[in-house]
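Q: I'm new to reading structures, so please pick one small part and take a close look at it with me. After that, walk me outward through a few other parts.

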Amino acid sequence: MSQEAQNVLVIGGVACGPKTAARVKRLQPKANVTLIEKTGNVSFGACGIPYYLEGHCESVDTLYETPVGVKRTPDFFQKTKGFTVQVNTEAQSIDRENKQVKVKDHSSGQERDMAYDKLVLATGSRPFVPPIPGIDKQNIWSIKSSEDAEGVAASIDPPEGKKAVIIGAGLIGVEMAEALKQRGMEVTIVEMFDQIMPQILDYDLATLAAKHIRSNGVNLALGEQVVGFTGQDKVTGVQTKNTTFDADVVIVSVGVRPNDELAREAGLECHPKGGIRINCHGQTSDPEIYAGGDCAINDSILSYLCAELYVPLGSTANKHGRVIANHICGQTTPFSGVMSTSICKVFGMTLGRTGISHKQAENLGYQVESALWTGPDKPHYMPDGGPISIKLVASKRNRALLGAQVLGTGDAAKRLDVATAAVHFKANLDDVGAIDISYAPPFSPPIDPLITASHVLTNKMDGLANGLLPMQAKEIMDSGKDIILLDVRTPQEFAAMRMPDDRVVHIPLGQLRERLQELPKDKDILAFCKVSMRGYEAQRVLQDAGFDRVWFIEGGLVGWPFEVEMSG
């Protein structure tokens, strides 16, 4: 270890800041560590706000507590962690030459200089507030602080029968939609893109997720741009280019911006679009100053695809804090970067992604192949199983797994985390297919869904599986071509759920070899079933019989994001 730093000054008290301060004191108990926070609160779990509003927490103070129920206060940090916290204290400027920070105590109004040997910027981010006329009306909220949470709670009390409009269909947007809907409100999400979670999911999985959200009573207005708000002092509606949605409360959830102004004014290197540039140890362009959390921009683990990413997550902020503290105390444990791993749950459905999406890869000019697998997360005889969809993206050049997206009411998170590790350690599809994933019926089928998904993509790249992603199949169907949609499910399945298209021909897989003569060889044939295992088998049977214009629809009807007909 290096010589102990005499004074470590940390600016910012949400995630990265407290983590850094606590770790420094554990490694170097004699270090003088001070954390300043411009608000009156420290260590707030902002990611829990939707769950507080849904009613999982009796008080917003729960989001300040440790797992054993102790509130994180300045006194808690002083007595338990050993460092000093000064709240209502704002950093105003950094004097790098003299290694001092000018701060203002908002309680007394006094200004003073604080010396440092090592300085840590954990100044976080702020919600982006788009410049829309009327956005300063009452009951229009961004979701960031405990004050925001309490303000929303007060504005919807009582919530039953009231109308909420959420602007933005990202992670917070869909989580807030569920929270407010479960409280009895009528909820509309307005999103300017033509899909939900546009920065996370490809269109096909996003459309399937949107189908689920709509089925739970949330109105989705996709491809709509907000242009204004109605009401005098208090909002009464949200105006888009095409319509107006009534609103008792509006949640603006269109992303955040890094609080990097202090660093910029001090001459530290920042990204032109926002975010303090740091190296793998959290050091800024001034080696005595570190930065981490939402105010910093990260290197991507997939650096050969895109060098810098702004992915503000609490998990990343805490990792930054540990890496920074280690380096301050002489332990060089570099931060390897981020992969845009994100996850959320909405109405019992898990949505997640790691690495790059198919759309991102194409936009970057890389040659990739994707495959979608849909099926149960457990054997069919387990009563608590549920369907999941897994979309994998791999390089055509070396079959390296570059990304994964998951969706479903089954255990999708487990598969996402295994895929994240595979991408992190630069595994290829053969590696993924060989992972020794745990198996017992309460947890998984004998061949885990992630391994099966890797097999589908391997077969596709080997030319065995002639699969079409749902969007590719829909484009062919909408083109007006004279095609055959071959449904190879059982008669009972066909009676219960059908694809609404006059070109559907129903031949159960068990009868296909005997009824080949009923199918033309001069038309494109798109085979499908419930999850498309049988669709793939039908493709192989037909190809063996001399049909050379046959594909199967990946994901089947369970993974079909568009309309289906249900009996009854």
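**Starting from one serine**

A: Let's zoom in on Ser-155: its side chain reaches the backbone oxygen of Val-152 at 2.9 Å. That fits the rule for a polar contact, which is a pair of N or O atoms within 3.5 Å; within protein, one must be able to donate a hydrogen and the other to accept it, and residues adjacent in sequence count only if both atoms are side-chain atoms. Before going on, keep in mind that this is a predicted model, where local features need pLDDT of at least 70 and side-chain atom pairs count only at pLDDT 80 or more, while totals for chains, interfaces and linings use all residues. Residues are numbered from 1 along each chain as its sequence is written, and side-chain values use heavy atoms, with hydrogens and water left out.

Where does Ser-155 sit? It is found in helix 4. Helices here are DSSP runs of H or I with at least four residues, strands are runs of E with at least two, and both are numbered from the N terminus. Ser-155 counts as buried because its relative accessible area is 13%, and buried means under 20% (exposed is over 50%, partly exposed is in between, using a 1.4 Å probe and protein chains only). Skip the neighbours within four places in sequence, and Ser-155 is in contact with Asn-139, Trp-141, Lys-162 and Val-249. Contact just means heavy atoms within 4.5 Å.

Now step back to the whole of helix 4, residues 146-155: seven of its 10 residues are buried, which makes the helix mostly covered. Besides Ser-155, the buried ones include Asp-148, Gly-151 and Val-152. What's doing the covering? Helix 2 (49-54), strand 9 (140-142) and strand 16 (249-252) are among the elements over those buried residues.

Helix 10 (412-424) makes a nice second stop. Its 13 residues reach 18 Å from first C-alpha to last, close to the 18 Å expected at 1.5 Å a residue; the expected span is 1.5 Å times one less than the number of residues. Looking down the axis of helix 10, the buried residues fall within an arc of 160°, so they line one face of the helix. That arc is taken from the directions from the helix axis to the C-beta atoms. Ala-412, Leu-416 and Val-423 are among the buried residues. This buried set packs against several elements, including strand 25 (387-395), strand 26 (401-408) and helix 12 (449-461). At the start of helix 10, a side-chain oxygen of Asp-411 comes to within 3.2 Å of the backbone nitrogen of Lys-414. After the helix comes Lys-426, with a positive phi near 60°.

Next, a lysine in a loop: Lys-378 lies between strand 24 (368-376) and strand 25. Lys-378 is buried, at a relative accessible area of 12%. The Lys-378 side chain makes a polar contact with the side chain of Asp-384 (3.1 Å), and it also reaches the backbone oxygen of Pro-442 at 3.3 Å. Here's a fun one: Lys-378 and Ser-444 are 66 residues apart along the chain, yet their C-alpha atoms are separated by 4.4 Å.

Let's finish with a sheet. Five strands form an open sheet in the order 27-32-31-28-30, with parallel pairing. Two strands pair if DSSP finds at least two bridges between them. At the edges are strand 27 (467-468) and strand 30 (504-506), each pairing on one side only. Strand 28 (483-487) and strand 31 (524-528) pair over five bridges in the parallel sense; one bridge partner couple is Leu-485 with Leu-526 in strand 31. Helix 16 (533-544) lies across strand 28, strand 31 and strand 32 (550-553), at about 175° to strand 32. Those axes are lines fitted to C-alpha atoms (for helices, over the stretch in contact), with angles from 0 to 180 degrees between N-to-C directions. Helix 16 also holds Arg-534, which counts as partly exposed at 23% relative accessibility.
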